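Subject: Structure handover

Hello,

Here is the structure I promised you. Please open it and keep it beside this email while you read.

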Amino acid sequence: MTFFNPPVPATPLERPLLGLVLGNSHVAALRLAYTQIQDRPPGLVLEFLASGQAGLAEIALDRGDLIATSPRTAADFLRFGARARIPLAEYDFFLIVGLGFNVYGLEPLYREYRCPGLNGWQSAHPKRSLVSEAAMRQMIAAPLRSCLSGRVAALLRQGSDKPIFQQAQPRPAETLLLQKHYPSLRRAVARGDAQALSALFEQAAALACLDHYLPQPPETRHKGLLTAVAYTENAPRLTADPARLQRQAANDFLHANGVYGARMLHHLGQALAVQPR
């Protein structure tokens, strides 16, 4: 697997490249940047296939085409992809967004284990076992490897030898610090462990990906483990028509906005520019 974190600005693509973006509600930020803001690298041509929740668990390959295996996902194919069969051979690359690939698995691990480099790791604790950094990386990577993102990547690999990029769900918005959700992640920020936990996640994510990992750009993060509010405010909802923009709820901390989507598109363009032709 390859870990892409290229510098800015993007290297121009040598030729137009057609990619298929697959995912759940987190596709909306990229689609907004691509279709409405139109802030994208020259030569990057994208089609989008999204399904809410775990809808993309209900797909299969049929003679090289991606097809839906349930009425719900078939309807999403037509709403978000505009066709019932998607020939994988048409695409130069694939990008999988979200689908369970996220930092929230850090919550129980930070609560239940001590690890070198994290606050208080040297102090014995009756309920928190000490594990090595290598072990912690593997514990973070295991659910990332088996989540829906990983399963979709494995399915795509059966039908295509083209590059497959996996992009994690954005880190929670910095407004999480004002809420009651994910207390262990909030505690990590308060204790000064956010940067170290973030680094462990990045290493584990690269291990977990089938082909290429596309990380969240550092400039979009807040204290390493969160997403800066400039990249999350007014985040879009996933709708069939991207021109009819709907916003996430004001207290949403899970989704990113079109500015973030544009950063990820340029990040993707940089990664594609260094791919062998």
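In which helix does Ala206 lie? Ala206 sits in helix H7, which covers residues 194-208. One point before we go on: this is a predicted model.

Stay with Ala206 for a moment. Its relative accessible area is 10%. The cut-off for buried is under 20%, so Ala206 counts as buried. Now find Ser149. Ala206 and Ser149 are 57 residues apart in sequence. In space, their C-alpha atoms are 13 Å apart.

**Helix H1 and its partner**

Next, go to helix H1, residues 27-37. Of its 11 residues, 8 are buried, so H1 is largely enclosed by the rest of the structure. The buried ones are Val27, Ala28, Ala29, Leu30, Arg31, Leu32, Ala33 and Tyr34. Gln38 follows H1 and has a positive phi, near 55°.

How do H1 and H8 lie relative to each other, parallel or perpendicular? The axis of H1 comes within 7 Å of the axis of helix H8 (residues 258-273). The two axes cross at roughly 90°. The two helices are therefore roughly perpendicular. On the H1 side, the contact is made by Ala29, Leu30, Leu32, Ala33, Tyr34 and Ile37. On the H8 side, Gly258, Val259, Gly261, Ala262 and Leu265 take part. By type, the residues of this contact are 9 nonpolar, 2 polar and no charged.

**Salt bridges**

How many salt bridges are there? The count comes to 12. Here are three of them, followed by a network.

Start with Asp76 and Arg79. Their closest N and O atoms are 2.3 Å apart. Both residues lie in helix H2 (residues 71-81). They are 3 residues apart, about one turn of the helix. Asp76 is buried, at 3% relative accessible area. Arg79 is partly exposed, at 48%.

Glu107 and Arg111 form another salt bridge, at 3.8 Å from N to O. Both belong to helix H3 (residues 106-112). Their spacing is 4 residues, again about one helical turn. Glu107 is buried, with a relative accessible area of 8%. Arg111 is partly exposed, with 40%.

The third pair is Glu133 and Arg137, whose closest N and O atoms are 3.8 Å apart. These two are 4 residues apart in helix H4 (residues 133-146), so about one turn separates them. Glu133 is partly exposed at 35% relative accessibility. Arg137 is partly exposed too, with 22%.

Then there is the network. Asp62, Arg63, Asp65 and Arg85 are joined into one by salt bridges that share partners.

**A buried glutamine in a loop**

Is Gln216 buried or exposed? Gln216 is buried, at 3% relative accessibility. Its place is the loop between strand E11 (212-214) and strand E12 (221-222). A polar atom of the Gln216 side chain lies 3.0 Å from the backbone nitrogen of Arg171. Leaving out residues up to four places away in sequence, Gln216 touches Pro170, Arg171, Arg221, Thr227, Tyr260 and Met264.

**Two backbone angles to look at**

Most residues other than glycine have a negative phi. Here are two residues to set against that rule.

Tyr182 is not a glycine, yet its phi is positive, about 50°. Tyr182 is in the loop between strand E10 (164-167) and helix H6 (183-190). With a relative accessible area of 28%, Tyr182 is partly exposed.

Asn234 is not a glycine either, and its phi is positive at about 60°. Asn234 sits in the loop between strand E13 (226-227) and H8. Asn234 is exposed, with a relative accessible area of 52%.

To begin, I suggest colouring H1 and H8, whose axes cross at roughly 90°. Then pick out Asp76 and Arg79, the salt bridge in H2. Finish at Gln216 and trace its contact with the backbone nitrogen of Arg171.

Best wishes

Definitions and conventions. Residues numbered from 1 in each chain as written. Predicted model: local features only at pLDDT ≥ 70, side-chain atom pairs only at ≥ 80, totals over all residues. Heavy atoms only, no water. Salt bridge = Lys/Arg side-chain N within 4 Å of Asp/Glu carboxyl O. Buried < 20%, exposed > 50% of the residue type's maximum accessible area, 1.4 Å probe, protein only. Axes fitted to C-alpha atoms, helices over the stretch in contact; angles between N-to-C directions. Parallel < 35°, antiparallel > 145°, perpendicular 65-115°, else oblique. Contact = heavy atoms within 4.5 Å. Nonpolar A, V, L, I, M, F, W, Y, C, P; charged D, E, K, R; others polar. Polar contact = N/O pair within 3.5 Å; in protein donor to acceptor, adjacent residues only side chain to side chain.
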